[in-house]
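The following note sets out points on strand pairing, burial and side-chain contacts for a colleague's consideration. Please read it alongside the sequence and the coordinates.

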Amino acid sequence: MLSRLTRLQAVTVCALPVVALIATALFAPLPFSVAQPGSTADVLGTFKGKEVITVSGRPVRHTSGQLRMVTIMATGPEARVSLGDVVDGWFATDRAVMPRDAVYGGGDVRQIEQHNAEQMKQSQDAATRAAQKYLGMSDRDLKVKLQLADVGGPSAGLLFTLGIIDKVRGAGGGADLTGGRTIAGTGTIDADGTVGAVGGVSLKTQAARRDGATVFLVPRAECGEAGSELPKGLRLVPVTDLKGTVNALTALREGKDSSVPSC
């Protein structure tokens, strides 16, 4: 004959599956990536011991100030991200939780790395063409080699273009585009000079300020995201195309702050 369970025993028996489910949810891998501010690199200088921009066919100017491209660092496509990681990252200001497919798309690690490398190459080609068009030069007049070890994706396009222009012509009259400041930014660029959005901007602003930037060039479409966790001491300058970006930098250098757009 079976004895009747006590109230405490019944509650315990019923609670065990719930506890097991919670434990499974806490530690089971989830299809998310956790991102945080990554490294930055001055495109006017060197990165990991190599010149980022190498120009031939034209004399290269000595520049002051910095133009820093910025990155985010995300957990890898095969990393285990648990519910605890997601909850922790959701409430942190220096991390962001994103669907893994939104960060890496489909494919295995090798395919993802190849895709990122292809995007970087396309970005470099577009940046070179945009700079040549702005300067009124061609491949015969201006040859450019761009390299940024272990960094993929298209988001350095705008900064590459500005770096080429600053090394070749600057702002005219011997002045630098930066005005001696440390300026950071992000954005894709097309050969015609159009600046595009990239994502992860709120994390990139934190990386930029950490590494000394006081001005951040942001695609206008991403002003809202960039301002959501904006570090103190960092000024946002929204941009939509190369010409407008150079004009904004010129106004900043000349102290004409009222003519500089803001988010």
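1. Pairing of strand β11. The model under discussion is predicted. In it, five bridges connect β11 to strand β12 (residues 235-239), and the two strands run parallel. Within this pairing, leucine 217 has valine 237 of β12 as its bridge partner. The connection from β11 to β12 passes through helix α7 (residues 223-228), and this β-α-β crossover is right-handed. β11 also pairs in the parallel sense with strand β8 (residues 182-185), here over three bridges. In that pairing, phenylalanine 216 of β11 stands opposite alanine 184.

2. Burial of strand β11. Strand β11 (residues 215-219) is largely enclosed by the rest of the structure, because five of its five residues are buried. In a regular strand the side chains alternate between the two faces of the sheet. Both faces of β11 are covered: Val215, Leu217 and Pro219 are buried on one side, and Phe216 and Val218 are buried on the other. Leucine 217, whose bridge partner in β12 is valine 237, and phenylalanine 216, which stands opposite alanine 184, thus belong to opposite sides of the strand.

3. Helix α6 and the residues after it. Eight of the 10 residues of helix α6 (residues 201-210) are buried, so the helix is largely enclosed by the rest of the structure. The buried residues are Val201, Ser202, Leu203, Lys204, Thr205, Gln206, Ala207 and Ala208. Arginine 210 is partly exposed, at a relative accessible area of 48%. The side chain of arginine 210 meets that of aspartate 211 in a salt bridge (2.9 Å, N to O), and aspartate 211 is likewise partly exposed, at 28%. Glycine 212, just after α6, takes a positive phi of about 100°.

4. Salt bridges elsewhere. Side chains of opposite charge can pair when their charged atoms come close. How many salt bridges does the count come to? The total is eight. One of them joins the side chains of arginine 235 and aspartate 257 (3.3 Å, N to O). This pair links distant parts of the chain, with arginine 235 in strand β12 and aspartate 257 in the segment after α8 (242-253), 22 residues apart. Arginine 235 is partly exposed at 26% relative accessibility, and aspartate 257 is partly exposed at 38%.

5. A further pair and a network. Arginine 253 and glutamate 254 form a salt bridge in which the closest N and O atoms are 3.7 Å apart. Arginine 253 counts as partly exposed at 24% relative accessibility, and glutamate 254 is partly exposed at 44%. In addition, Arg61, Asp166 and Asp176 are joined into one network by salt bridges that share partners.

6. The disulfide. The structure holds one disulfide, formed by cysteine 223 and cysteine 263 with their sulfur atoms 2.0 Å apart. The torsion about the S-S bond is about -65°, so the disulfide is left-handed. The two cysteines are 40 residues apart and link distant parts of the chain, cysteine 223 lying in helix α7 and cysteine 263 in the segment after α8. Is each partner buried or partly exposed? Cysteine 223 counts as buried, at 13% relative accessibility, whereas cysteine 263 is partly exposed, with a relative accessible area of 48%. Helix α7, which carries cysteine 223, is also the helix of the right-handed crossover between β11 and β12.

Technical notes:
Residues are numbered from 1 along each chain as its sequence is written. This is a predicted model: local features need pLDDT of at least 70, side-chain atom pairs count only at pLDDT 80 or more; totals for chains, interfaces and linings use all residues. Side-chain values use heavy atoms; hydrogens and water are left out. Buried means under 20% relative accessible area, exposed over 50%, partly exposed in between (1.4 Å probe, protein chains only). Helices (H or I, at least four residues) and strands (E, at least two) are DSSP runs, numbered from the N terminus. Two strands pair if DSSP finds at least two bridges between them. A crossover is right-handed if, with the strands pointing away from the viewer, the path from the first strand over the helix to the second runs clockwise. A salt bridge is a side-chain nitrogen of Lys or Arg within 4 Å of a carboxyl oxygen of Asp or Glu. A disulfide is a pair of cysteine sulfur atoms within 2.5 Å.
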